[in-house]
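This report describes one protein model, going from a single residue outward to the sheets and the chain as a whole. The sequence and the structure come first.

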Amino acid sequence: MPQNSIGVGIDFGTSNTVAAIYDGSRVRFLPLDHGKFTMPSSTYITKSFEISTGLDAIQQYIDSNVGRKVELVPERIGSASLAVGAGESREGPKTLTQTVYSEPRIDRGLQGRLFRGIKRLLGRQDLKRLVVFERLFRPVALITPVLTQVRDTLKNEGIEAVSCSAGRPVHFEGEQPFADKLAISRLNEAYSLTGFEKVRFVEEPIAASISYLHQHPQNRAASVLTTDFGGGTLDFSVLHRSEQGTYNVIATHGVAIGGDHIDQKMFEHMLFPLLGQGERWLREGHDKTIFTPFPFEQYAGPLLNWGITYSLNQNRYTAPIYDCLARAKGLSHRKFQRLLRYIQYNMSYQVFASLSDLKTELSSVEAGQLDVPEIDLNIALSRSEFEEMLGDFLRRVDQATMETLQLANLRSDEIDIVLCTGGSSLIPAYRQTLERRFPSKLVDLDPFGSVAAGLAIANQKNYDAGTHNVPG
């Protein structure tokens, strides 16, 4: 098999991006972001359409948005003309022209938009354009700056690469098989715009397997199961050793659960009850006081998606909160006050970042706290409570694991090694779920670097994923 002199691997992830190079003897990770090997997959676009990426993107967003009071104003959408006075004047009808405005939806104080997790949207056929300060951006335009940062780092290292191996989940989120085709098409275009003329996509768990097999050339395991639990998806691959000593891919599987979904579950479980869920709305009717449930379900979706939470700062959402504040007392009053402040002061990104930090913390300690003093919030969470919260996720993990084995036509006891990678693989309850199926067979890989390392090796060895013959 022909080889490239330098192999380039790019793991563009839902949460983070990592790139590596392989020269035939060793793998080296690229310092993508202020000397760090792991760069947040983030793009920030200012009002003047200046673009930053990674840590700079997040810091700009925090500096200019978090804690700022959101004020939505109507958008001018056109004008309407009406003929008036017809038949009442010798001069004929007059024309009355009025400017037409939308509902308040323009955040006039917004200095820039932050985009994270765009990878999860690449397979959506209904998402063709996103409006950014009255301009339309295709999803490709939002991920290209991140890949450009990778390309620039390569050039700084003296590497003029025209080809690379790029990671992809087994399945992108969206309706299959269209989601996979659309997402790959969009990624191909983004890599091409960045200057990569030849891109080979490798499923991320297979790339992690390549990394392990390269580091352990004497490995004699008959069957290797790899699990990659990242920010957006949980992916599996099963490799089987042939009589010639090479490994072949015999099954892959993927489901749309990941760290982002866990963060949303934590928010729903921990914060919803403190933001007004389950409260009653007291209103004065014509002849009596009416008690109805507060319509929290109208707020739930935007609250769980930090990028659009600011859209709740409209009269149709805030008026019920103000009404409840005028009548509620004690704990109920505090909840509605917290909800209003959360919306008006754009606290969503900060809270989700704190939830993600808490999730990481609980991988190594028995208890932690979510502390957001700006909205009078301090919640203790133990690891056992966290694991109980993850019950549905863990059942889906176990189910997906068994589905993978069925696709491979193997039993649990026929798997020799289980490789674990991805940031979410650090969750102890996840590991315990796998350990019950595969006792004493789990092997930890670099949770953030193994995929990029395997991709670099695959690129250097000119690996074609279509052959299913994995290079060691």
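Is F336 buried or exposed?

## F336 and its surroundings

The model is predicted. In it, F336 has a relative accessibility of 1%. The cut-off for burial is a relative accessible area under 20%, so F336 counts as buried.

F336 is part of helix α8, which covers residues 330-344. Leaving aside residues up to four places away in sequence, F336 touches G276, E279, R280, F294, I321, C324, L325 and A328. A453 lies 117 residues from F336 along the chain, and the C-alpha atoms of the two are separated by 49 Å.

## Aromatic pairs

The structure holds 18 aromatic pairs. One of these is formed by F294 and Y299: the ring centres are 5.3 Å apart and the planes stand at 25 degrees, so the pair is stacked. The cut-off that applies here is that planes under 30 degrees apart count as stacked. Both partners are buried: F294 has a relative accessible area of 3%, and Y299 has 0%.

Y299 also pairs with Y317. Here the ring centres are 5.6 Å apart and the planes are at 65 degrees, so the pair is edge-to-face; the limit for that class is an angle over 60 degrees. Y299 belongs to helix α6 (residues 297-304) and Y317 to helix α7 (residues 315-327), so this pair ties together parts that are 18 residues apart in sequence. Y317 is buried, as is Y299.

Ring pairs join ten residues named here into a cluster: F267, F272, W281, F294, F296, Y299, Y317, F336, Y342 and F352. F336, the residue from the opening question, is thus one of the members of this cluster.

## Arginines over rings

Two arginines are placed over aromatic faces. R151 lies over the face of F196, at 5.0 Å from the ring centre. R341 lies over the face of Y345, with a distance of 4.6 Å to the ring centre.

## The six-stranded sheet

One open sheet has 6 strands in the order β22-β21-β14-β15-β16-β23, and its pairing is mixed. Its edge strands, each pairing on one side only, are β22 (442-444) and β23 (469-470).

At one end of the order, β21 (residues 417-421) pairs with β22 in the parallel sense, over 3 bridges. Within this pairing, V418 has L442 of β22 as its bridge partner. Helix α4 (residues 204-215) lies across β14 (223-229), β15 (234-241), β16 (247-255), β21, β22 and β23. The helix runs at about 45 degrees to β15.

## The three-stranded sheet

Another open sheet has 3 strands, ordered β6-β5-β9, with antiparallel pairing. The edge strands are β6 (51-53) and β9 (112-116), each of which pairs on one side only. From one strand to the next, the twist averages 20 degrees.

Strand β5 (residues 42-46) pairs with β9 in the antiparallel sense over 5 bridges. In this pairing, I45 stands opposite R113 of β9.

Which helices lie across β5, β6 and β9? Helix α1 (residues 54-65) does, running at about 50 degrees to β5. Helix α2 (residues 139-156) lies across these three strands as well, at about 115 degrees to β5.

## The chain as a whole

The protein has 472 residues, of which 52% count as buried. There are 13 helices and 23 strands. Along its principal axes, the C-alpha trace spans about 95 × 55 × 40 Å. Among contacts with a separation of 6 or more, 66% are between residues 24 or more positions apart.

## Confidence

The pLDDT averages 89 over the protein, and 90% of the residues score at least 70. Over residues 75-89, the pLDDT is below 50. Beyond near neighbours in sequence, this stretch has 38 contacts in the model.

Note on methods: Residues are numbered from 1 along each chain as its sequence is written. This is a predicted model: local features need pLDDT of at least 70, side-chain atom pairs count only at pLDDT 80 or more; totals for chains, interfaces and linings use all residues. Side-chain values use heavy atoms; hydrogens and water are left out. Two strands pair if DSSP finds at least two bridges between them. Helices (H or I, at least four residues) and strands (E, at least two) are DSSP runs, numbered from the N terminus. Contact means heavy atoms within 4.5 Å. Axes are lines fitted to C-alpha atoms, for helices over the stretch in contact, and angles run from 0 to 180 degrees between N-to-C directions. Rings of Phe, Tyr and Trp (its six-membered ring) pair if their centres lie within 6.5 Å; planes under 30 degrees apart count as stacked, over 60 as edge-to-face and the rest as tilted. Buried means under 20% relative accessible area, exposed over 50%, partly exposed in between (1.4 Å probe, protein chains only). A charge sits over a ring if NZ of Lys or CZ of Arg is within 6 Å of the ring centre and within 35 degrees of the ring normal. pLDDT is the predictor's confidence in each residue, from 0 to 100.
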